[in-house]
Each structure stands twice: as C-alpha cells, then as structure tokens.
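Subject: Structure handover

Hi,

Here is the structure I promised to pass on. Have a look at it first, and my notes follow underneath.

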Amino acid sequence: MQHISTNPQANIEEVPLTLKAEARDFSFYYGDFNAIKKVSMPIYEKKVTALIGPSGCGKSTLLRSFNRMHDLYPDTRYQGHIDFYPDETNLLDPKVDPIEVRMRIGMVFQKPNPFPKSIFENVAYGLRLRKEKSKSYIEDRVEQALKDAALWGEVKDRLHNQATALSGGQQQRLCIARCLATDPELLLFDEPTSALDPIATASIEDLIHQLKEKVTILIVTHNMYQATRVSDYTAYMFMGELIEFGETIQIFTTPQRAETEAYITGRFG
C-alpha cells in the first residue's frame, strides 16, 4: 500500500497554483528491482520542490526520470505517467524524443561537469545541438544565460578560456548557464552543492531563489536545512515510496505522518 499524505493547498497564498509537471502512478525498474513504486505528485510552475529522504530511497531515480536520463542505461523501464504541461505530454511515451525532453528539462549534477571546451562553447552547446546558425543569436543567448547564472561579470573577459580552469562554484554556475541557454521549462538539481564549500553553496542557493522567477525547479538534497531554505514544497521518500508531500513549512513544522517526523527530527535515517 502506498503511504502518502498531500495537502498542497494548506496555508498557500491566494495566487492560484499552476501545474508544470505531474507524476501519476509512476513506477521505475532497474531490471526486476522496483526502485519507484506508484508515486503520484505535482510539480508546480515557478516553484521549488525538494525531494528528501535517506540514501537509496529513490530521490535521484525519480528526479532523473523527468528527463529520461535512464534511457541511457540498459534493462530499465518506466510505468505510469510523467505529464508535462501545458501541452499535457507524457514524457515517458516512446514516441517522445528524449533529446527534445532534455532541451525542455535541464539537469545539474552533484559534481560540476563542464565540457573540455571554452566557457563560451560550454554554454552554446545546446544551441549548437539544435543546429542554431545565427552567430549573433548564440552570442546573445550565451550572455543572457551567464547573466541569469550570476556568472557573466566574472567571466565576460575570458569567454574563450577553458571552463575547467574555473573554481568549483563557478563551474557549477556554468553548468546551470549551459542548461539555461536553451530556455528550459524545468530544471533538475541532483544535490548541486554537495561538492562545494559553504560560500559556493550559499551562492547556488541564492541563484535558485532568483531562477524560480523564470523556471520551475525540482531539487534532490540530503541537507534538510537546505530544503527549508530553498524550497516551496517538499516530498519525503522512503524505499521508493512517496510518504508525504506538502508545503515545506508544513512538512518541517507539522508533518502529518510519523515516518516524516522521525526523519526530519533525526530519529531515523
């Protein structure tokens, strides 16, 4: 039986919520192993939703399903729906091109992964993948993406330098800029600050607050303090099941399930 409590409307401001994506009875398998078990949850537009839970609970597996990352590995399969709005596309439909999915849904990993190219070419990569030919358009998009990632002022005079020469925090912001260049509708962050120092972490968290004015964000974090700082909604997962979903303030102050309370108070996990 799936254990889930949801109360997304509680204590919400009067502005109506809009769905950007939605998992519906979603399950995922590595071979015969059922890693995600009939999860249903909303992702609201221009909000930050955090996935929390102990290691191995399925957070990253669920996150990576949203941009079909598991297609890259053998013997994996999806069941159910991950619907994307406003066009109501089921992202898991075999007829949907996973490359186009990844253009609409960007991914930022735990460890910064800049390509062995210049700063400029890292950000332009997705545009070139889309066969964009206009030099001026590419230049404008690269500049805007770097500005949106709060990196332009630090790199504008060395765009043709190797990206790998940047600091860890700068590299992670570059990876965010690389995603932003193709105008994604949803950004996936898989523990984006776990490899960064506290100053770089604070910079990324500030950036997340700014980005949600333009794009919807789904983030996996092991740091519950980070979840409370950056997210509007939180989902607690355990053993592949969604235990509780709600406003972040509600999850961390008045959780509805004993399992959630045990986890956030440190008595479990």
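Let me start with a cysteine: Cys57 is buried, at a relative accessible area of 1%. Cys179 is buried too, with 10%. Cys179 takes part in no disulfide, and the nearest cysteine sulfur, from Cys175, lies 7.5 Å away. With a cut-off of 2.5 Å between sulfurs, searching the whole structure turns up zero disulfides.

Bear in mind that this is a predicted model. The average pLDDT is 93, and 94% of the residues reach at least 70. The stretch to treat separately is residues 8–12, where the pLDDT is below 50; this stretch has ten contacts in the model beyond near neighbours in sequence.

Now the sheet. It is open and has four strands, ordered β3-β2-β5-β6, with antiparallel pairing. The edges are β3 (33–44) and β6 (89–90): each has a single partner strand, so one side of each lacks a neighbour in the sheet. Strand β5 (residues 76–84) is joined to β6 by two bridges, and Asp83 has Asn90 in β6 as its bridge partner.

There is plenty to say on the aromatics, with seven pairs in the count. Phe28 and Tyr78 have ring centres 5.4 Å apart and planes at 55°, so this pair is tilted. Phe28 sits in strand β2 (residues 19–30) and Tyr78 in strand β5, so the pair links distant parts of the chain, 50 residues apart. Phe28 itself is buried, with a relative accessible area of 0%. Then there is a stacked pair, Tyr233 and Phe245, at 5.7 Å centre to centre and 0° between the planes. Tyr233 belongs to strand β10 (residues 233–238) and Phe245 to strand β11 (residues 241–247), so the pair ties together parts twelve residues apart in sequence. Both Tyr233 and Phe245 are buried. Going back to Phe28 and Tyr78, ring pairs link them with Phe26 and Tyr30 into a cluster.

Two rings also have a charge over them. The charged end of Arg77 sits over the ring of Tyr29, 3.9 Å from its centre, and that of Lys20 sits over the ring of Phe84, 4.9 Å from its centre.

One last residue to click on: Arg68, in the loop between α1 (59–65) and β5. Is Arg68 buried or exposed? At 5% relative accessibility, Arg68 counts as buried. Outside its neighbours within four places in sequence, Arg68 has contacts that include Tyr78, Leu91, Asp93 and Arg102.

Cheers

Technical notes. Residues numbered from 1 in each chain as written. Predicted model: local features only at pLDDT ≥ 70, side-chain atom pairs only at ≥ 80, totals over all residues. Heavy atoms only, no water. pLDDT = per-residue confidence, 0-100. Contact = heavy atoms within 4.5 Å. Pairing = 2+ DSSP bridges. Buried < 20%, exposed > 50% of the residue type's maximum accessible area, 1.4 Å probe, protein only. Phe/Tyr/Trp six-rings, centres within 6.5 Å; stacked < 30°, edge-to-face > 60°. Lys NZ or Arg CZ within 6 Å of the ring centre and 35° of its normal.
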